[in-house]
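Work through the exercises below with the sequence and the coordinates open. Each task is followed by a stepwise solution.

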Amino acid sequence: MGIQDYVIQNYILLIACTGIITITIYDVYLDRISIHILRWIIGIIISLSVIDYMESWFSDLPEPTTFRILFSVLGYTLRPTVIMLAIFMIYHRVKLLTLIPAILNALVYCTAFFSDIAFSYSETNNFLRGPLGYTFIAVGLLYVLGLCVALFKSFESRHGHEWLLILYFMSAAILTVILTIFFQVDGLFNMTFIVGITLYYLHIYIQHTKLDALTGLFNRQVFYTDIQKNHSGITGVISIDMNNLKILNDTEGHSAGDKALKTLSECFLKNSSSKNWIYRIGGDEFVIFCIRQSEEEMQQLLKDLRDGVAATEYSCSFGLSVGTDPNEMLRESDRLMYEEKARYKAGRA
C-alpha cells in the first residue's frame with residue numbers, strides 16, 4: 001500500500017479530474033458559482049477515491065477497525081452529496097430543503113459507530129449490511145432525479161434533443177447501482193460521475209458555440225444547418241427585422257442598440273414555445289422556424305410576438321409564410337416583412 005499504488009489504480013480518474021480543473025481556469029461559459037461548485041465536486045471525487053483506497057486496505061485486515069468504519073461512513077455520506085452539489089451547480093435556484101436527504105443519509109450511516117442499523121463488520125472483518133444499508137442508493141437516485149430536472153430547466157436550446165443527455169444520466173445511474181449491488185463491481189461511482197461531468201461540460205461548450213453571443217438566440221450557422229436537416233419539420237417561417245436600429249445606434253450609441261436587440265430577443269423567447277426555433281441571422285434580422293405547427297397556431301404566435309414587441313419601446317416588421325419548402329417560405333416571409341417595413345417607413349415620412 002502506498003501513494004504509487006493509489007495513483008496507478010486511479011490514474012484515469014486523476015487525469016480526468018485534473019483536466020477538468022485545468023479547463024475551468026480558462027472557462028468562459030460557466031458562471032463563477034458553477035465553477036466553484038464544480039471544483040468542489042472534483043475535490044470530493046478525488047477524496048472519495050482516496051477513501052475507497054483506504055477502506056479497501058483496512059478491509060484486508062483480519063479484524064475490523066474504527067478507521068474502516070470511518071472511511072465507509074465517509075464514502076456512503078459523500079456519494080449522494082456529490083450529486084446534490086451537481087444540482088446546485090446546474091440550477092442555482094434550489095431550496096435548502098434539498099439538503100435534508102443528504103443530512104438524513106449522513107445521520108443513518110453515522111450510526112455504524114454504535115449500531116448495525118446501516119452496516120457493520122463481523123469479527124472477521126466481513127461487511128454486513130443492515131436494514132437501512134441501501135439508504136445512500138435511495139437518496140442518490142432521488143438526487144439523480146433532481147439532477148435531471150435541473151438539467152431540463154437549464155437547457156437554453158429549443159431543439160428538443162436534450163432528453164438524450166437526461167436519458168444518459170438516468171441510465172448510467174441505474175446501471176451503476178445494478179453493477180455495484182448485484183455484481184459487486186467496485187469503484188464505478190467515481191468514474192461514472194466524472195464521465196457524466198465531462199459530457200455535461202462538453203454539452204455546455206457545444207451549446208454555446210450554437211448561440212449568438214449578444215442575444216443568446218441561435219446563430220447564423222445553426223440557421224443554415226437547421227434549414228437543411230429539418231426540412232420536413234418546418235411548417236412555417238417568420239422573418240423579423242427591427243425598425244430604426246441604425247438611427248438608435250447613431251443617436252444613442254451601440255450600447256443602446258445592443259440593449260434593444262437583447263430586449264427584443266427576450267420578448268421573442270417569452271412569447272414563443274419549444275416548437276419555435278429562433279435565430280439571429282444578422283445585425284437586426286431574426287428568423288423563427290415553426291416546427292409542426294398549424295396555421296392557426298402560427299397566426300397566434302405572430303399576434304403574440306406583435307403584442308410583445310408593442311409592450312416595449314421598440315418596433316419590428318414581421319412576415320409570416322406557411323408551406324412545405326423552408327427556402328420558399330423564407331423568401332416569401334422576407335418579402336412580406338420588407339413590404340411591412342416599407343409601409344412603416346412610409347407612415348413615418
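Two strands are said to pair if DSSP finds at least two bridges between them. The model used here is predicted.

**Exercise 1.** Find the strand that pairs with β3 and holds the residue opposite Ile238, and state how enclosed that strand is.

Solution.
1. Ile238 stands opposite Leu320, a residue of β6.
2. Strand β3 covers residues 234-242, and 7 bridges join it to β6. The two strands run antiparallel.
3. Buried means under 20% relative accessible area. In β6 (residues 316-322), 6 of the 7 residues are buried, so the strand is largely enclosed by the rest of the structure.

**Exercise 2.** Trace the pairing of β5 with β3 and with β4.

Solution.
1. Begin with β3: this strand and β5 pair over 7 bridges in the antiparallel sense. Ile234 stands opposite Ile291 in β5.
2. Turn to β4, residues 276-280: 5 bridges pair this strand with β5, again in the antiparallel sense. Trp277 has Phe289 of β5 as its bridge partner.
3. The link from β4 to β5 is a hairpin through 4 residues.
4. Check burial: β5 spans residues 285-291, and 6 of its 7 residues are buried, so β5 is largely enclosed by the rest of the structure.

**Exercise 3.** Asn125 and Asn244 have a positive phi. Locate each residue and decide whether it is buried, partly exposed or exposed.

Solution.
1. Most residues other than glycine have a negative phi.
2. Asn125 has a phi of about 75° although it is not a glycine. Its place is the loop between β1 (119-121) and β2. With a relative accessible area of 3%, Asn125 is buried.
3. For Asn244 the phi is about 70°, and this residue is not a glycine either. Asn244 lies in the loop between β3 and α10 (245-252). Its relative accessibility is 30%, so Asn244 counts as partly exposed.

**Exercise 4.** Describe the largest pocket by volume, central residues, contributing elements and residue class.

Solution.
1. The volume of the largest pocket is about 1300 Å³.
2. Its lining has 48 residues, and the closest to the pocket centre are Arg79, Thr180, Val185, Asp186 and Gly187.
3. Elements that give two or more residues to this lining include α2 (11-25), α3 (32-59), α4 (66-90) and α6 (135-154). Strand β2 (127-129) is also one of these elements, as are α7 (163-182) and α8 (188-209).
4. Sorted by class, the lining holds 27 nonpolar, 15 polar and 6 charged residues.

How values were computed: Residues are numbered from 1 along each chain as its sequence is written. This is a predicted model: local features need pLDDT of at least 70, side-chain atom pairs count only at pLDDT 80 or more; totals for chains, interfaces and linings use all residues. Side-chain values use heavy atoms; hydrogens and water are left out. On a 1 Å grid over the protein atoms alone, a cavity is a set of points where a 1.4 Å probe fits but cannot get out, and a pocket is an open set with protein on both sides within 12 Å along at least five of seven lines; lining residues have an atom within 4 Å of a point. Grid points are joined across faces, edges and corners, and a volume is the space filled by probe spheres set on the points. Ala, Val, Leu, Ile, Met, Phe, Trp, Tyr, Cys and Pro count as nonpolar, Asp, Glu, Lys and Arg as charged, and the others, Gly among them, as polar. Buried means under 20% relative accessible area, exposed over 50%, partly exposed in between (1.4 Å probe, protein chains only).
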